[in-house]
2 protein chains.
Amino acid sequence: MSDTSQTRAAVVDLIGALAYGQLTAFSQLAADAHLAPTLAARAELSRLAVTEFGRYESLRARLEEMGVVPEEAMEPFRVAIDAFHERTAPSDWLEGLVKAYVGEGIGADFYREVSAFVGSDIHALVSDVVRDEGQAGVVVREVKAAMEIDPRVAGRLALYGRRMVGEALSQAQRVAADREPLASLLIGPKADLTALVAMFGRLTEAHSRRMARLGLAA
Amino acid sequence: MSDTSQTRAAVVDLIGALAYGQLTAFSQLAADAHLAPTLAARAELSRLAVTEFGRYESLRARLEEMGVVPEEAMEPFRVAIDAFHERTAPSDWLEGLVKAYVGEGIGADFYREVSAFVGSDIHALVSDVVRDEGQAGVVVREVKAAMEIDPRVAGRLALYGRRMVGEALSQAQRVAADREPLASLLIGPKADLTALVAMFGRLTEAHSRRMARLGLAA
């Protein structure tokens with residue numbers, strides 16, 4: 001593959017993975033909303049789900065502009081992303097909230113980092129799609145309230161957060177092994193190993209900050 | 001209750017029931033979308049779910065304009081609407097489609113009819129919320145394609161359609177017995193029995209037309 005077609009393939013991969021991630025986050029959040037203890041919280045989480053769908057629509061439109069069939073661009077990431085969700089299925093409302101907040105956060109940071117390697121317009125699109133929509137408020141409030149009632153909740157949720165990071169890494173490795181253009185964006189000439197190590201450092205740090213904000217150990 | 005406060009209570013009931021119905025239709029469709037055999041169909045059904053949520057938001061805004069807490073207006077209809085969905089849970093993708101199309105259709109006709117009794121601005125709001133968003137296209141296409149592959153599908157889906165109507169009626173009766181202002185809108189001085197019978201006639205007719213469009217017996 002030439003340098004340009006390699007970059008193009010990596011960009012399609014990046015947007016396809018992100019689009020499938022958003023479509024799945026939509027279903028996941030909409031389903032989790034059903035676990036909400038109050039109608040107000042249910043509407044709030046449903047509203048977040050709708051936001052995710054809006055992002056999916058922008059990514060889908062971008063793929064179409066590039067002359068790519070969106071479903072074909074998303075397909076290669078289906079197994080890994082579905083596996084992530086199956087293995088981190090929240091067992092209750094609180095885990096659903098932690099997943100929404102921490103899971104979205106890890107994903108957003110990752111996509112923002114990767115997109116920095118593929119040109120400023122794609123970086124802008126991705127940053128726009130994954131910007132924090134302020135869901136932190138409702139999550140922090142609900143999680144802290146639950147910990148006040150029962151402090152043991154903190155240990156269980158911290159463990160769940162760690163499980164989520166482990167699954168995310170293992171699925172990301174699976175994708176990297178499979179998708180050569182996307183992987184070479186990260187480890188190719190443009191991004192040396194030092195940059196890669198620094199990137200993982202930033203991702204871990206941001207994750208710890210998010211957990212701390214919820215009052216949880218990373 | 002005075003005539004005006006009785007009408008106001010009925011309007012709040014009507015909008016509250018409709019709002020809860022839309023919020024629930026959103027979760028239901030989002031969950032059913034996950035059963036879709038293709039990514040394209042999944043995105044299409046998710047898009048419909050997002051439309052339902054938009055309608056919920058208009059109704060919610062209207063309740064707030066009226067000085068009503070939306071959650072309080074929705075609460076009385078929670079049991080009946082949840083029961084309807086539990087008892088008509090689709091067992092596969094095709095039943096999910098029939099439910100989306102036929103179930104939404106019955107609901108929309110009903111709300112449009114009832115709102116005709118409560119003043120033109122509410123009627124306009126409700127008609128706007130429940131207007132056909134063209135979901136017919138994808139449903140008709142998928143159901144007909146499935147029947148071509150296996151004609152026995154028609155019998156099963158027709159039965160499912162009848163079960164849905166039965167459940168809708170039985171839950172509507174439950175609500176009518178409970179919510180006096182709403183019920184008296186229908187059977188009070190403004191709407192006599194002849195009008196009520198005519199209304200049920202129109203509802204049944206519209207339902208049969210929808211089933212016929214899917215190639216199914218009502």
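**Helices and residues in a two-chain model**

Biologist: Where does B:Asp178 lie?

Modeller: Keep in mind that this is a predicted model. The residue B:Asp178 belongs to chain B, and its place there is in helix 8 (residues 153-178).

Biologist: Does B:Asp178 count as buried or exposed?

Modeller: The cut-off to remember is that exposed means over 50% relative accessible area. B:Asp178 has a relative accessibility of 59%, so this residue counts as exposed.

Biologist: What distance separates the C-alpha atoms of B:Asp178 and B:Ala33?

Modeller: Along the chain, B:Asp178 and B:Ala33 are 145 residues apart. In space, the separation of their C-alpha atoms is 33 Å.

Biologist: Which residues does B:Ala217 touch, not counting residues up to four places away in sequence?

Modeller: Let's place the residue before listing its partners: B:Ala217 sits in the segment after helix 10 (193-213) of chain B. The C-alpha atom of B:Ala217 is 36 Å from that of B:Gly119, a residue 98 positions apart from it along the chain. Not counting residues up to four places away in sequence, B:Ala217 touches B:Ala158, B:Arg162 and B:Met211.

Biologist: Is B:Glu71 buried or exposed?

Modeller: B:Glu71 is part of helix 3 (residues 70-74) of chain B. Leaving aside neighbours within four places in sequence, B:Glu71 is in contact with A:Leu39, A:Ala40, B:Tyr56 and B:Arg60. Buried means under 20% relative accessible area. At 17%, B:Glu71 therefore counts as buried.

Biologist: Which residues does A:Arg62 touch, not counting residues up to four places away in sequence?

Modeller: A:Arg62 is found in helix 2 (residues 39-65) of chain A. With a relative accessible area of 18%, A:Arg62 is buried. Setting aside residues up to four places away in sequence, the ones A:Arg62 touches are A:Ile15, A:Asp121, A:Ile122 and A:Leu125.

Biologist: How many helices and strands does chain A have?

Modeller: A good way in is to read along the sequence, where chain A gives the pattern α-α-α-α-α-α-α-α-α-α. Counted up, chain A has ten helices and zero strands.

Biologist: What is the radius of gyration of chain A?

Modeller: The C-alpha trace of chain A spans about 60 × 35 × 25 Å along its principal axes. Buried residues make up 53% of its 218 residues. The globule rule gives 17 Å for 218 residues, and chain A is close to that, so it is as compact as a globular protein of that length. Its radius of gyration is 17 Å.

Biologist: How do helix 2 of chain A and helix 2 of chain B lie to each other?

Modeller: Two packed helices are described by the angle between their axes and the distance between the axes. Here the angle is about 135 degrees and the axes are 10 Å apart. The crossing of helix 2 of chain A and helix 2 of chain B is left-handed. From the angle, these two helices are therefore oblique.

Biologist: Which residues of helix 2 of chain A meet residues in helix 2 of chain B?

Modeller: On the chain B side, the residues are B:Ala43, B:Ser46, B:Arg47, B:Val50, B:Phe53, B:Tyr56, B:Glu57 and B:Arg60. The residues of this contact divide into eight nonpolar, two polar and six charged. In helix 2 of chain A, those that meet chain B are A:Ala43, A:Ser46, A:Arg47, A:Val50, A:Phe53, A:Tyr56, A:Glu57 and A:Arg60.

Biologist: At what angle do the axes of helix 5 and helix 8 of chain A cross?

Modeller: The axes of helix 5 (residues 93-115) and helix 8 (residues 153-178) of chain A come within 10 Å, and they cross at roughly 40 degrees. That makes helix 5 of chain A oblique to helix 8 of chain A. The crossing is right-handed, and its angle is roughly 40 degrees.

Biologist: Which residues in helix 10 of chain A do residues of helix 8 of chain A meet?

Modeller: Helix 8 and helix 10 (residues 193-213) of chain A pack at about 155 degrees, with their axes 12 Å apart. That makes helix 8 of chain A roughly antiparallel to helix 10 of chain A. By class, their contact has six nonpolar, two polar and no charged residues. A:Leu157, A:Ala158, A:Gly161, A:Val165 and A:Leu169 of helix 8 meet three residues in helix 10: A:Phe200, A:His207 and A:Met211.

Terms used: Residues numbered from 1 in each chain as written. Chains lettered and ligands numbered in written order. Predicted model: local features only at pLDDT ≥ 70, side-chain atom pairs only at ≥ 80, totals over all residues. Heavy atoms only, no water. Axes fitted to C-alpha atoms, helices over the stretch in contact; angles between N-to-C directions. Helix = DSSP H or I, 4+ residues; strand = E, 2+ residues; numbered from the N terminus. Parallel < 35°, antiparallel > 145°, perpendicular 65-115°, else oblique. Left-handed = near helix turned anticlockwise from the far one by under 90°. Rg over C-alpha atoms; globule rule 2.2 N^0.38 Å. Buried < 20%, exposed > 50% of the residue type's maximum accessible area, 1.4 Å probe, protein only. Contact = heavy atoms within 4.5 Å. Nonpolar A, V, L, I, M, F, W, Y, C, P; charged D, E, K, R; others polar.
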